[in-house]
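Reader: I have a model open and would like the terms used for it justified. Please set each value against its definition.

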Amino acid sequence: AQKRPMITVNNLPTFLHQVVNDLRQNKLGGRVHPVEKSDEDTAEVVQGMIRHIEYDSNAAVATNTAVNSAASVGFGWFRLVTDYESPDSFDQKIMFKRIRNALSVHIDPLSQEIDGSDMKFAFIDSLESRAEFKKMYPDANANNTNLIGQELYKGWFTQDTVLVCEYYRIKLVKAVLCELMNGEKGWKDELPPDQHQFIKRERVSYRPSVQW
């Protein structure tokens, strides 16, 4: 206020590192719990698969980034994706991917659960160069330079970059759920016609369809 030089010391990183380093020592990871005694062997196999996925995709980097963001701004994210193992392979694998900017994820504002598990949609945006955008989406048109500079589209794209947004949603499709005499359950429209005679009971439900 007096137009004089002033030293500002940021004390927050010290406490931030205390929280983050403590969580780094206790590594986050998926745990599989068997429901019954007979499920222990299956749970152990699934646990091994999860551990392999975490090791193969360096999941610690993704979770540590999310923890650091959560300690800094209150929330953090990482994602699970599937991609081909290599350019010359037809096989896909599951991988952990980190999200460096926690503010690039936008979830359903009407979600009530603390982990967002009841959200109906979410957006993840990323800034890409125009050359990379053209390579990824050759049929898309992002060349409307007349919108550059308008306040409404500020940050969406510039002369050299384009904001790419991934849109996820869960669409609920009305369907009939049925239970057969042997205890198996399924959707009525997926049952072979000759199995309809074995339907014990049925009710109207909603089948979630995850779309990307």
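Reader: What makes up the area that the chain exposes, and how much of it do carbon and sulfur atoms supply?

Author: This is a predicted model. The chain exposes about 17,000 Å², and 54% of that area comes from carbon and sulfur atoms.

Reader: How do you know whether the radius of gyration of the chain fits a compact globule or not?

Author: The rule is 2.2 Å times the number of residues to the power 0.38. For 212 residues a compact globule would be near 17 Å, whereas the chain has 24 Å, so the value of the chain does not match the one from the rule. The C-alpha trace spans about 85 × 50 × 45 Å along its principal axes.

Reader: What share of the residues is called buried?

Author: Buried means under 20% relative accessible area. Of the 212 residues in the chain, 22% are buried.

Reader: Why is the set with Phe133 called a nonpolar core?

Author: The term requires buried residues of listed types, Ala, Val and Phe among them, joined through side-chain atoms within 4.5 Å. Phe133, Ala142, Phe157, Val162 and Val164 form the largest such set, and therefore the name applies to these 5 residues.

Reader: Which residues is Phe133 in contact with, leaving aside neighbours within four places in sequence?

Author: Contact means heavy atoms within 4.5 Å. On that basis Phe133 is in contact with Ala140, Ala142, Val162 and Val164.

Reader: What elements does the chain have, and how do they run from the N terminus on?

Author: There are 4 helices and 7 strands, in the order α-α-α-β-β-β-β-α-β-β-β.

Key: Residues numbered from 1 in each chain as written. Predicted model: local features only at pLDDT ≥ 70, side-chain atom pairs only at ≥ 80, totals over all residues. Heavy atoms only, no water. Helix = DSSP H or I, 4+ residues; strand = E, 2+ residues; numbered from the N terminus. Buried < 20%, exposed > 50% of the residue type's maximum accessible area, 1.4 Å probe, protein only. Areas by Shrake-Rupley, 256 points an atom, 1.4 Å probe, with all protein chains shown as cover.
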